[in-house]
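Student: Please walk me through how to read the features of a structure such as the one shown here. I would like the general idea each time, and then the particular case.

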Amino acid sequence: MAPSCRMVASVFLLLAILVATEMGTTKVAEARHCLSQSHRFKGMCVSSNNCANVCRTESFPDGECKSHGLERKCFCKKPCVNSQMAGEVILFSDDIIANILAWLPPKHAARMRLVCKQWHAVTSEHHFMHTNFSRNRDGHSIAGFFLSNELHKKFSYNPLRDSSATHPAAPDLSFVPEGGDGDTVPGKIYVTSSCNGLLLCRRPMERSVASGARWRCHYLCNPATKRFVEIPTPPDGRGRHLNLAYDPSRSPVYKVVALGLAGVHVYSSQTRSWRAALRYERGSNPFVGIHHSRGVLWNGSLVWMTSRSRSLLRFALDDGEGELSSLPMPPARHLQPENRWICGYLGVRESGAGRGHLRMIGYTEEEKLAARFDVVEMAAGDCREWRVLYRVDLTRVKALYPDIQRKTRKHHLIWPRRARLVDCLDLWPLHVTQHGSLLLFGIPGKIMAYGMEDQAISVVWEDAAPPQPRFFRYAWFDFYPYTAGLFAV
């Protein structure tokens, strides 16, 4: 109800602006400058030249230091759009109009671009698009999620039930073109990466197509604006493992990282081209041991879980692009090999100003069977220490759905033919929402939500077909969160 009231109030304000604009009589005789505080400038602003240089990286022509309370801040400036339009009536500055329009849902804000040139220019600024995106995130930080696994031919979009008021329509990906030469599978598309309103999608190729062309139909798209660009094939020819990295609080530029057999290449929306960021010998590929090809964007770096060592692999994208380093895993409480600590989810909690905290869900096999595990977070400003955020208890789910407990065969690592029956729990963590208030997890045929504060359990998605004995199990890397935004591609 609250989002609807907010939308109605915004519409009334917009109508008031339109009426006032038509009735006004004041003209502007000289050009004015509109100011916007820099998102990338760090610390106290002493030199306006340094401020201007930073502002130019944010698509502003100039910048200057100004007092903001007791501090000196860097403010980027540009000629106000309405002051450049000869003969137009001016009653409200660009900042006032942007502040009002930014409260609208992205779909409605996009329609406001049709009102006049001034509104089109204001809503096309990256600062406006970032503000609109941040304000329209609901309490759970996502509007819905894609379930996408090409190997098992699984794909669907599922809105969160409590977000239907602000995000009523499912994103439609039919605007993404199929292969012009007819070698793609008709009607098939899969999401391979999602990041802050942008999606990296792939059209699968027909089986008869040679493997050299198998991975070329990648598209970067924005479902809210129905805009897309085709991502060219990486220089190493395959480009199978592509990761999207986009943090609008840091820069309007997005990047795509391709893990190859002999190196890492990075595609930038600024240059519209690939460049080699890291090279290595085929026999010494540092990414061989990663648990899954999907990385997590954290503070200007992509992070992967490794399966062969107890560490995380970090690849820098901003400062020192191409630098590869390792991060420690949370300390295991059990030292026995059979009770090793398993990482079941990796994510990020944003804390503002382009900074964030790594989050992880881990458990031993005993804790998994008991449906009790921890959500841990890397301490702020420290890449070595982890702290427990929540202790999750899902034993009630076992009572509600006893069929998720079953027996399975566990094969010996050295003698695969030797197997023994062990207990198994079909329950998998998928996503922790931005504010940490909700855990989404999967069981056969359902995705459920667990409230961290009130321990409430609810179903947020259910498969139309009943689960079979060998029902497909979604893992966290098949789960792609989505929230609409107006960002340019």
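Student: Let us begin with one residue: is S59 buried or exposed?

Tutor: The general idea is a cut-off on relative accessible area, where buried means under 20%, exposed over 50% and partly exposed in between, with a 1.4 Å probe and protein chains only as cover. S59, at 55% relative accessibility, counts as exposed. The model is predicted, and therefore local features need pLDDT of at least 70 and side-chain atom pairs count only at pLDDT 80 or more, whereas totals for chains, interfaces and linings use all residues. Residues are numbered from 1 along each chain as its sequence is written, and side-chain values use heavy atoms, with hydrogens and water left out.

Student: Where does S59 lie, and what is its phi?

Tutor: S59 sits in the loop between α2 (48-56) and β2 (62-68), where helices (H or I, at least four residues) and strands (E, at least two) are DSSP runs numbered from the N terminus. Although S59 is not a glycine, its phi is positive, at about 70°. N196 can be read beside it: this residue, also other than glycine, has a positive phi near 50° and is found in the loop between β6 (190-195) and β7 (198-202). In burial, however, N196 counts as buried, at 16% relative accessibility.

Student: What does the whole chain look like in such terms?

Tutor: The chain has eight helices and 28 strands, and buried residues make up 49% of its 489 residues. If a contact means heavy atoms within 4.5 Å, then residues 24 or more positions apart account for 50% of the contacts with a separation of 6 or more.

Student: How should I read a helix, and which residues of α2 are buried?

Tutor: An α-helix has 3.6 residues a turn, so residues three or four places apart point the same way. In α2, the residues C51, A52 and C55 are buried. They cover an arc of only 100° around the axis (taken from the directions from the helix axis to the C-beta atoms), which puts them on the same side of α2. The buried residues of α2 pack against β2 and β3 (71-79). At the N-terminal end of α2, S47 acts as a cap, with a side-chain oxygen 3.3 Å from the backbone nitrogen of N49. N50, also in helix α2, is partly exposed, with a relative accessible area of 45%.

Student: Why can strand β15 be called largely enclosed?

Tutor: One counts its buried residues: five of the five residues of β15 (residues 301-305) are buried, so the strand is largely enclosed by the rest of the structure. Both faces are covered, since S301, V303 and M305 on one side and L302 and W304 on the other are all buried.

Student: Which strands does β15 join by bridges?

Tutor: Two strands pair if DSSP finds at least two bridges between them. Three bridges join β14 (residues 296-298) to β15 in an antiparallel arrangement, with L302 as the bridge partner of L297. The hairpin of β14 and β15 has two residues between the strands, and N299 there takes a positive phi near 50°. On to β16 (residues 311-316), five bridges join β15 to this strand, again antiparallel, and L312 is the bridge partner of M305.

Student: How are salt bridges read, and how many are there?

Tutor: Side chains of opposite charge can pair when their charged atoms come close. The criterion is a side-chain nitrogen of Lys or Arg within 4 Å of a carboxyl oxygen of Asp or Glu, and a search of the whole structure finds eleven salt bridges. One of them links K66 and E64, the closest N and O atoms being 3.9 Å apart; K66 is partly exposed at 32%, and E64 is partly exposed at 23% relative accessibility. D247 and R250 meet at 3.6 Å, N to O, and both are buried.

Student: Which salt bridge joins β20 and β21?

Tutor: The side chains of D393 and R372 meet in one, at 3.5 Å from N to O. D393 lies in β21 (residues 386-393) and R372 in β20 (residues 372-378), so the pair ties together parts that are 21 residues apart in sequence. D393 is partly exposed, with a relative accessible area of 32%, and R372 counts as partly exposed at 44%. Elsewhere, salt bridges that share partners join R349, R359, E377 and R387 into one network.

How values were computed:
Polar contact = N/O pair within 3.5 Å; in protein donor to acceptor, adjacent residues only side chain to side chain.
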